[in-house]
Amino acid sequence: MCIFCSIVNKEIPSYCIYEDDTVFAFLDINPTAKGHTLVIPKEHCISFLDCPATLRNHVFEVAQMLANRLEKQLNCDGINMLSNIHEAAGQSVEHFHVHLIPRYKGDTEIIHFHETKDIDFEELKRKLK
Ligand code: 5GP
Ligand code: ZN
């Protein structure tokens with residue numbers, strides 16, 4: 001069984017901050033910042049890509065509610081909300097999860113995207129539209 005399914009089933013302890021019939025949220029064990037939270041569906045799915053629509057929508061509904069709660073209760077100055085999809089993108093646990101990472105002024109570990117050169121925008125538009 002996957003580690004997050006074990007957390008949902010309370011076989012592994014966690015600092016749960018929200019739970020309902022289908023969604024579970026808990027504090028990340030290796031927080032990048034104070035209040036780093038993971039929001040997950042109770043039902044196992046691998047990533048954002050294979051999560052059934054109704055459940056996916058509820059995960060994001062809970063994520064929004066908790067992001068507002070983090071801002072209010074922790075007085076953070078911003079939040080990163082992200083979900084890694086597959087190993088190449090940094091996903092280490094193959095159970096869909098949304099990270100909520102509170103950000104505080106002066107944080108050093110901010111996510112930056114660096115520019116990639118040699119992109120054919122016309123080709124990409126043909127493929128993706
Ligand atoms: P990923 O790298 O897949 O996007 O994120 C997985 C996250 O799960 C990591 O930030 C990691 O610290 C967290 N994590 C892994 N195992 C456990 C655990 O047993 N308990 C908790 N609370 N978090 C975990
Ligand atoms: Zn699982």
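In the predicted model, Lys10 is exposed, its relative accessible area being 53%, and this residue sits in the loop that joins α1 to β1. Its phi lies near 65°, a positive value in a residue that is not glycine. A second such case is His86, for which phi is about 75° and which is placed in the loop between β4 and β5; with a relative accessible area of 40%, His86 is partly exposed. A positive phi is also taken by Asn75, at about 55°, just after the end of α2. Most residues other than glycine have a negative phi.

Helix α2 comprises 22 residues, from 53 to 74. At 1.5 Å a residue a span of 32 Å is expected, and the C-alpha atoms at the two ends of α2 are 31 Å apart, in agreement with that value. The buried residues of this helix are Leu55, His58, Val59, Val62, Ala63, Leu66, Ala67 and Leu70. An α-helix has 3.6 residues a turn, so residues three or four places apart point the same way. The cover over the buried residues of α2 includes the strands β1 (16-19), β2 (23-27) and β3 (37-41), together with β4 (78-82) and β5 (98-103).

With respect to cysteine pairing, the structure holds 0 disulfides. The cysteine sulfur closest to that of Cys45 belongs to Cys51 and lies 3.6 Å away, which is too far for a bond, because a disulfide requires the two sulfur atoms to be within 2.5 Å. Cys45 is nevertheless buried, at 3% relative accessibility, and Cys5 is likewise buried, with a relative accessible area of 13%.

Rolling a probe the size of a water molecule over the atoms shows where empty space is left. The largest pocket of the model has a volume of about 390 Å³ and is lined by 20 residues. Nearest to the centre of this pocket lie Phe26, Leu27, Asp28, Ile29 and Leu38. Both α1 (3-8) and β2 contribute at least two residues each to the lining, and the largest share, amounting to 3 residues, is supplied by α1. Classified by residue type, the lining of the largest pocket consists of 11 nonpolar, 8 polar and 1 charged residues.

Definitions and conventions:
Residues numbered from 1 in each chain as written. Chains lettered and ligands numbered in written order. Predicted model: local features only at pLDDT ≥ 70, side-chain atom pairs only at ≥ 80, totals over all residues. Heavy atoms only, no water. Buried < 20%, exposed > 50% of the residue type's maximum accessible area, 1.4 Å probe, protein only. Helix = DSSP H or I, 4+ residues; strand = E, 2+ residues; numbered from the N terminus. Expected span 1.5 Å × (residues − 1). Contact = heavy atoms within 4.5 Å. 1 Å grid on protein atoms, 1.4 Å probe; cavity = no way out; pocket = protein on both sides within 12 Å on 5 of 7 lines; lining within 4 Å. Points joined across faces, edges and corners; volume = space filled by probe spheres on them. Nonpolar A, V, L, I, M, F, W, Y, C, P; charged D, E, K, R; others polar.
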